[in-house]
Every structure is written in structure tokens, then in C-alpha cells.
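Work through these exercises with the model open. Try each task before you read its solution.

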Amino acid sequence: MIPWVHLDSALAPGGDHDLRLLRRGAEFSIRLGHNELMNSRLSGSEKALATLTAAKLVGRAAPRTLIGGLGMGFTLGAALGSLPADAKVVVAELVPAVVAWARGPMAELFGGMLDDPRVEIVQDDVGVLIRSGRGGWDGIMLDVDNGPEAMTRSANDGLYGQEGLGDAHAALRPGGVLAVWSQGPDPAFGKRLSRTGFSVEEKRVRASDSGKGARHVIWLATKQGARAQFTGPRSGAPRRRR
């Protein structure tokens, strides 16, 4: 058995425990304390978060999407593979070390996707970008923490409560989609989405690309309204940060 090698640690802002990056051969793991948040062998549901969202946005001109959480890049990679060439993909990542890991020890997983001209990495809380981008997004994909039951930061609860969902609803263009990843089902969360005014679908997807193993949940919440086409810059969108 190849042992795990600890590569680096970082304290998530507002968190009580270190995020740790470990490697075993070609396999990577990001853990919070003793809990594994993600593993490079299990990417199926993270990819589905993007592909299911992109399928809802087919036909939109220059769709503008926001991903909450960089992780191991599986959602970002699937978004780039599913969205058109004129798309814009903004990734909000709060922990600087996660971006450094993507360009350093995990660079082989990312395969240069951070240099794709469609991609912008913003070091900030995804909630800040949601609140500052009213009506500016076609798709918002949240893979933050462990889903609606936050583990890493108690502040993540603000994304999944009624107020946070209202902010996401306001930030989407008519017909836009809020997609939320979760480790498991949460009936109360689905009800909150409906009360916010979304049309809600709940998808069960496999954690592994092989179609085996645990099932995760992805909510697809669509804002009611016509799909207006748009080819120019959106007002109220967050400015590029470096």
C-alpha cells in the first residue's frame, strides 16, 4: 500500500481546522481535519454539476457563469468542455492555497485550464460575487463545502438559507440556472428553493465516472422568465480582479 504524503495545509478563513492536501501516487485528496472533502478518483458528480447546467443554457449567446469553489477543477473542466467558445467562466475561490495547489502540485489534474481565455479566477467569497452581480449571470454553480449543510465555514450557511437563495435568484438573468452540489439529499433545501421562486429539479448522480459508488445530489433551480439573448457586457457584473 502506497502511503499518503502530506503536501501542504491552509486555514480556511473563518474555519476551525486546516485544509490539507495529500497525495498517494497519482491520487490527490483534500481534507478538512479527518474528513475528506474531495478525491481525484471521484469526479463524476462535480463534472455533472457543470454539464447539467450547460445543458440548460444551450442557445444562449455568450453565457456568463459563476462557479463557487475551485476544488480539483473537475467542475471547471467540465464547464469549459460543455459551454460555447464565447462563454465566460468566473471561479470564486476563497482560499489562496487552493489556487496555488492548482498551479503547483495538482497542475497535472488541471492541464492548463486556468490559462483558458474564458476563465477568470477571483479570490473572494462567492456570496460577494452573487450579491454584486444582480441580473448578470446565466448560470451559478455552487460546489461549496459539503452542500447545504456547511462543514468548512459556518458563513456558508448564508448561501443556502432563504436570504442567500434570494440573492442568487436576483443575480440570475431570466431563465438562468442555480445549480447546487450536495453530498446527499436535503428535502428542506428543495422547499427553500421553491419558495424563492425557482423551478426545481433534483438529480441523483454517481460520485464516480464509472457510474458506480455513492450517489450525490444536484439541484437545478431555474429562474422563471424568457431566455433573452445578449452579446454585450452585463451591467452590475463584478470587475476583473488580479
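**Exercise 1.** Which residues are exposed on the other side of α8?

Solution. Note that this is a predicted model.
- Step 1: Find the helix. α8 spans residues 187–196.
- Step 2: List its buried residues. They are Phe189, Gly190, Arg192, Leu193 and Thr196.
- Step 3: Check how they are arranged. These buried residues cover an arc of only 160° around the axis, so they sit on the same side of α8.
- Step 4: Turn to the other side. There, Pro187, Lys191 and Arg195 are exposed, and exposed means over 50% relative accessible area.
- Step 5: Look just past the helix. Gly197 follows α8 with a positive phi of about 110°.

**Exercise 2.** Is Ser29 buried or exposed? Describe its surroundings.

Solution.
- Step 1: Place the residue. Ser29 belongs to strand β3, residues 27–32.
- Step 2: Apply the cut-off. The relative accessible area of Ser29 is 0%. Buried means under 20%, so Ser29 is buried.
- Step 3: Inspect the side chain. That of Ser29 makes a polar contact with the side chain of Arg31, at 2.9 Å.
- Step 4: Look beyond four places in sequence. Ser29 contacts residues including Trp4, Leu22, Glu36 and Met72.

**Exercise 3.** Which residues have the most contacts inside the largest nonpolar core?

Solution.
- Step 1: Take the core, which has 44 residues.
- Step 2: Name those with the most contacts inside it: Leu19, Leu70, Leu76, Trp101, Met106 and Leu114.
- Step 3: Look for another core. One of 25 residues lies apart from the largest; among them are Leu129, Trp137, Tyr160 and Val180.

Terms used. Residues numbered from 1 in each chain as written. Predicted model: local features only at pLDDT ≥ 70, side-chain atom pairs only at ≥ 80, totals over all residues. Heavy atoms only, no water. Helix = DSSP H or I, 4+ residues; strand = E, 2+ residues; numbered from the N terminus. Buried < 20%, exposed > 50% of the residue type's maximum accessible area, 1.4 Å probe, protein only. Polar contact = N/O pair within 3.5 Å; in protein donor to acceptor, adjacent residues only side chain to side chain. Contact = heavy atoms within 4.5 Å. Arc of directions from axis to C-beta. Core = buried A, V, L, I, M, F, W, Y, C linked by side-chain atoms within 4.5 Å.
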